[in-house]
2 protein chains.
Amino acid sequence: MSNSDFNRPKCRIIVDAMGGDFAPLNAIQGAIDALNENPDFELYLVGKEDKIDEIIKTQKLKFNRSDIINATQVIDMAEAPTTALKSKPDSSIIVGSKLVKEGKADAFVSAGNTGAVMAAATLIMGRIAGVGRPTIGSFIPNLSGISTLYDVGASVDSKPRHLLEYAIMGSIFVKEIYGIENPKVAVLSVGEEETKGNELVFAAAELLKKTNLNFIGNVEGRDILKGTAHVVVCDGFVGNVLLKFGEGFLTFLKTKLKDYAGKSFFNMLKLGLIKSSLKNILKDFDYQEYGGVPLLGVNGICIIGHGSSTAKAIKNMVLRAKEMYDKNLVSKIEYSLKNYSNLS
Amino acid sequence: MSNSDFNRPKCRIIVDAMGGDFAPLNAIQGAIDALNENPDFELYLVGKEDKIDEIIKTQKLKFNRSDIINATQVIDMAEAPTTALKSKPDSSIIVGSKLVKEGKADAFVSAGNTGAVMAAATLIMGRIAGVGRPTIGSFIPNLSGISTLYDVGASVDSKPRHLLEYAIMGSIFVKEIYGIENPKVAVLSVGEEETKGNELVFAAAELLKKTNLNFIGNVEGRDILKGTAHVVVCDGFVGNVLLKFGEGFLTFLKTKLKDYAGKSFFNMLKLGLIKSSLKNILKDFDYQEYGGVPLLGVNGICIIGHGSSTAKAIKNMVLRAKEMYDKNLVSKIEYSLKNYSNLS
């Protein structure tokens, strides 16, 4: 039960059964796993009824037929979001977002087409008052604790005011979800000195100085993995490029290790000895492990997963949505942004 | 001897003996190592004469005393470049850059204060006609060949014309130094589609389409490590953040592996078995291995090294400077830029 509101009704979460490269199997399996792990919420599956039925039957899952919401269309992973949203009004993504907008559900969870989910949530649920741009953050593993990076993809050409919003929303998320009091906030730049950066960095830093946030100044690219700050903010273009570069780095390492193992039997043996440990070290970087990322700033809870989400990732996304509801994150963001409406 | 100009005089390279965290030892040792490996150039050492003398004596190196150029001041690694350049006119960095400007040398190599070297080279040597902004590129290891990323630190808030210049200069560098004919050029963006990106990406892509460069469109952060393009261009802010993030990634991995080894004797043994292979895999990412990076676009050859450059890194930097001279890179850049003076 919520730590902030003992009388709130149960959280109602809609999972996009059609979202992700391995949908509907992983989405349905993961959602039901979440319910089995913590039955203290209401789960709805949105998507093609017959497909959902089929998975529930073949996988011998327990789920109320009445909690399936039929949506006859599916937005493909590679479809252009804007055209897809127009041409597929009865898609799981639009139907799910609308139910949150109409107050019939509290959260929408999808591993579907990221751009389409972002656009649908933003356009349909709308933005929290005071939010210019919703943001997707990413958890970045580091040596000493928690780092999150905002924005990693929701918007390019961010303005200084947007970075301020990312910092406010990120601070609330990190405090409420990771339990970090007074999280350290920094602006990503090319040097720690105040004089180093670009126009966006300078202006965002000026705004952040005027807040009650725990603003520690600028950090560099390498600091993100050191955990110098809990919340690092940057333009969505920069964050997205960075995140994908990190993913590319992992692929590079894995491929190189595989090449090495393939070179000789002895190499394979050596690598086999350390494989589980390496996996453990790299695990922190694996999207699947911590599920999806919330789209902060929309007027409702929306969690977006990686296209290749496993059932485990979906499960974690659903439980995260529940936690965000229990902690009343949307209201807290709205309340906090009101204090800074004069800054822009 | 040059493949393009059989009658050019020998290349004259000035090495900043005071540059780097381990100067003057590493700088002097590395420079003289380069001369021993390839005596077909003239080497000068600039810096505090007595300090240079001392290293030559204690290390029992062979070097002509007359090829030492005295400079009485040293710009520290952490000094603010602009003030340092003003207050230390007799520093090795300024004296070295001036000698290139005056035509008394062809190249200046330094592992000193990066900002100061960049600023001194740009202000003193001047820019090649047609260059709005000099650029520092970085070699990025990848799975299939050569990738270079421009700009990684010379300038923030790059304009579309600057990205075009980076692409032209980068293509020439990759062709001449790595022998890649018609190198593939791409703009770093948040998606491969033409419609994805920010204002800078859109405008730069429009310019690049009008050139004879082998422009393949946009690539994402993960593509850099795949080797999708030979020359990837981006705003200097983005490139710098990315490069430092990559460095941070390596530190993260190394620290995690060390932690793992420290946990038990068996872990240490397991890791010991694979240590050299891991080193080999990560070697590609090590700044030291391929020396420094050229500052392209200045009217002369300038190679800037990492502060923690080893003697080997300095040696490689000197040999790279010689190669750039032999291949006549500055003239080739000037010639190529003339063809695109109408694009902006």
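**Exercise 1. Place F245(A) and F249(A) in chain A, then classify their ring contact.**

Step 1. Both F245(A) and F249(A) sit in helix 8 (residues 236-263) of chain A. They are four residues apart, about one turn of the helix. The model is a predicted one.

Step 2. Take the ring geometry. The centres of F245(A) and F249(A) are 6.3 Å apart, with 85° between the planes. A pair needs centres within 6.5 Å, and planes over 60 degrees apart count as edge-to-face. The F245(A) and F249(A) pair is therefore edge-to-face.

Step 3. Check burial. Buried means under 20% relative accessible area. F245(A) has 3% relative accessibility, so F245(A) is buried. F249(A) has 0%, so F249(A) is buried too.

Step 4. Extend to chain B. Ring pairs join F245(A), F249(A), F245(B) and F249(B) in a cluster.

**Exercise 2. Count the aromatic pairs over all chains, then describe the pair of F173(A) and Y178(A).**

Step 1. Searching the whole structure gives seven aromatic pairs.

Step 2. F173(A) and Y178(A) make one of them, with 6.1 Å centre to centre and 85° between the planes. This pair is edge-to-face.

Step 3. Compare accessibility. F173(A) is at 3%, so F173(A) counts as buried. Y178(A) has a relative accessible area of 25%, so Y178(A) is partly exposed.

**Exercise 3. Find the charge that lies over the ring of Y325(B).**

Step 1. R8(B) lies over the face of Y325(B).

Step 2. The distance to the ring centre is 3.8 Å. The cut-off for this contact is 6 Å.

**Exercise 4. Describe the largest cavity and its lining.**

Step 1. There are six cavities of 30 Å³ or more in the structure. The largest holds about 100 Å³ of space.

Step 2. Twelve residues line this largest cavity; G137(A), F139(A), F173(A), V293(A) and P294(A) are the closest to its centre.

Step 3. Assign the lining to elements. Strand 5 (135-141), strand 6 (146-150), helix 6 (160-178) and strand 10 (293-296) of chain A each give at least two residues. Strand 5 of chain A has the largest share, three residues.

Step 4. Sort the lining by class: seven nonpolar, four polar and one charged.

**Exercise 5. Repeat the analysis for the second largest cavity.**

Step 1. The volume of the second largest cavity is about 90 Å³.

Step 2. Of its 12 lining residues, F139(B), F173(B), Y178(B), V293(B) and P294(B) are the closest to the centre.

Step 3. Two or more lining residues come from each of strand 5 (135-141), strand 6 (146-150), helix 6 (160-178) and strand 10 (293-296) of chain B. Strand 5 of chain B gives the most, three residues.

Step 4. By class, the lining has seven nonpolar, four polar and one charged residues.

Methods. Residues are numbered from 1 along each chain as its sequence is written. Chains are lettered from A and ligands numbered from 1 in the order in which they are written. This is a predicted model: local features need pLDDT of at least 70, side-chain atom pairs count only at pLDDT 80 or more; totals for chains, interfaces and linings use all residues. Side-chain values use heavy atoms; hydrogens and water are left out. Rings of Phe, Tyr and Trp (its six-membered ring) pair if their centres lie within 6.5 Å; planes under 30 degrees apart count as stacked, over 60 as edge-to-face and the rest as tilted. Buried means under 20% relative accessible area, exposed over 50%, partly exposed in between (1.4 Å probe, protein chains only). A charge sits over a ring if NZ of Lys or CZ of Arg is within 6 Å of the ring centre and within 35 degrees of the ring normal. On a 1 Å grid over the protein atoms alone, a cavity is a set of points where a 1.4 Å probe fits but cannot get out, and a pocket is an open set with protein on both sides within 12 Å along at least five of seven lines; lining residues have an atom within 4 Å of a point. Grid points are joined across faces, edges and corners, and a volume is the space filled by probe spheres set on the points. Ala, Val, Leu, Ile, Met, Phe, Trp, Tyr, Cys and Pro count as nonpolar, Asp, Glu, Lys and Arg as charged, and the others, Gly among them, as polar.
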